[in-house]
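Please take a moment to look over the sequence and the model that follow, and keep both in view while you read. The paragraphs below lead from one part of the chain to the next.

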Amino acid sequence: LTAGTTWHAAGLMVTFGSLSSTSTEWRKYSKSLYQSLEAETGQSTGFLGCGFIELATERDRLEEYRRVAAFNRKEGVDVHEIDARE
């Protein structure tokens, strides 16, 4: 998708974080598209799907993340909460 010192920015794509069905579906579609482009075109995009961790350091932030996570699960996004031991 790109080259040079900003190559990592092209893969900066997350589905978590939205409370909008439209935005979440757009994010899911985009991720699926980039995952399938190489098979469809024979051209490598360099896309590497990976997860990420959001860290809540305050109770209010934890409540917000849990609310967003519940919405995203309803929308079909794979979301898991882990605790400090994990």
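In which helix is the place of Ser32? Ser32 lies in helix 1, which covers residues 21-41. The model is a predicted one, and that should be kept in mind throughout. Ser32 is partly exposed, because its relative accessibility of 41% falls between the 20% under which a residue is buried and the 50% over which a residue is exposed. Although Ser32 and Gly49 are 17 residues apart along the chain, their C-alpha atoms are separated by 9.7 Å.

With that starting point, the whole chain can be surveyed. The secondary structure of the protein chain consists of two helices and zero strands. Of the 86 residues in the chain, 17% are buried. Among the contacts between residues at least 6 apart in sequence, 53% join residues that are at least 24 apart.

The second helix deserves a careful look. Helix 2 has 16 residues and reaches 23 Å from its first C-alpha to its last, which is close to the 22 Å expected at 1.5 Å a residue. In this helix, Tyr65, Val68, Ala69, Phe71 and Asn72 are buried. These buried residues cover an arc of only 165 degrees around the axis, and therefore they sit on the same side of helix 2. A general rule helps in reading such a pattern: an α-helix has 3.6 residues a turn, so residues three or four places apart point the same way. What do the buried residues of helix 2 pack against? They pack against helix 1, whereas the face of helix 2 turned away from its buried side carries the exposed residues Arg59, Asp60 and Lys74. Just after helix 2, Gly76 takes a positive phi of about 90 degrees.

Some of the buried residues of helix 2 return in the core. In soluble globular proteins, nonpolar side chains tend to be buried together. Here the largest nonpolar core has six residues in all, namely Phe16, Tyr65, Val68, Ala69, Val77 and Val79. One of these, Val77, is in contact with Thr15, Thr24, Lys28 and Asn72, if its neighbours within four places in sequence are left aside.

Aromatic rings offer another way to follow the chain. A pair of aromatic rings is described by the distance of the centres and the angle of the planes. The count for this structure comes to four aromatic pairs. In one of them, the rings of Phe16 and Tyr65 have their centres 6.4 Å apart and their planes at 70 degrees, and because an angle over 60 degrees counts as edge-to-face, the pair is given that name. This pair links distant parts of the chain, since Phe16 lies in the segment before helix 1 and Tyr65 in helix 2 (residues 59-74), 49 residues apart. Both Phe16 and Tyr65 are buried. Trp26 and Tyr29 form an aromatic pair that is tilted, with 5.9 Å from centre to centre and 35 degrees between the planes. Trp26 and Tyr29 are three residues apart in helix 1, so about one helical turn separates them. Trp26 is exposed, because its relative accessible area of 59% is over 50%, while Tyr29, at 47% relative accessibility, counts as partly exposed. Phe16 and Tyr65 appear again with Phe52, as the three form one aromatic cluster.

Charged side chains complete the tour. Side chains of opposite charge can pair when their charged atoms come close. How many salt bridges does the structure hold? The structure holds six salt bridges, and three of them are described here. In helix 1, Lys28 forms a salt bridge with Glu25, the closest N and O atoms being 3.1 Å apart; the two are three residues apart, so they are separated by about one helical turn. Both are partly exposed, Lys28 at 26% relative accessibility and Glu25 with a relative accessible area of 38%. Arg67 forms a salt bridge with Glu63, with 3.8 Å between the closest N and O atoms, and these residues, four apart in helix 2, are also separated by about one helical turn. Arg67 counts as partly exposed, at 45% relative accessibility. The side chains of Lys74 and Glu75 meet in a salt bridge at 2.7 Å, N to O. Lys74 counts as exposed at 60% relative accessibility, whereas Glu75 counts as buried, because its 11% is under 20%.

Conventions:
Residues numbered from 1 in each chain as written. Predicted model: local features only at pLDDT ≥ 70, side-chain atom pairs only at ≥ 80, totals over all residues. Heavy atoms only, no water. Buried < 20%, exposed > 50% of the residue type's maximum accessible area, 1.4 Å probe, protein only. Phe/Tyr/Trp six-rings, centres within 6.5 Å; stacked < 30°, edge-to-face > 60°. Salt bridge = Lys/Arg side-chain N within 4 Å of Asp/Glu carboxyl O. Expected span 1.5 Å × (residues − 1). Arc of directions from axis to C-beta. Contact = heavy atoms within 4.5 Å. Core = buried A, V, L, I, M, F, W, Y, C linked by side-chain atoms within 4.5 Å.
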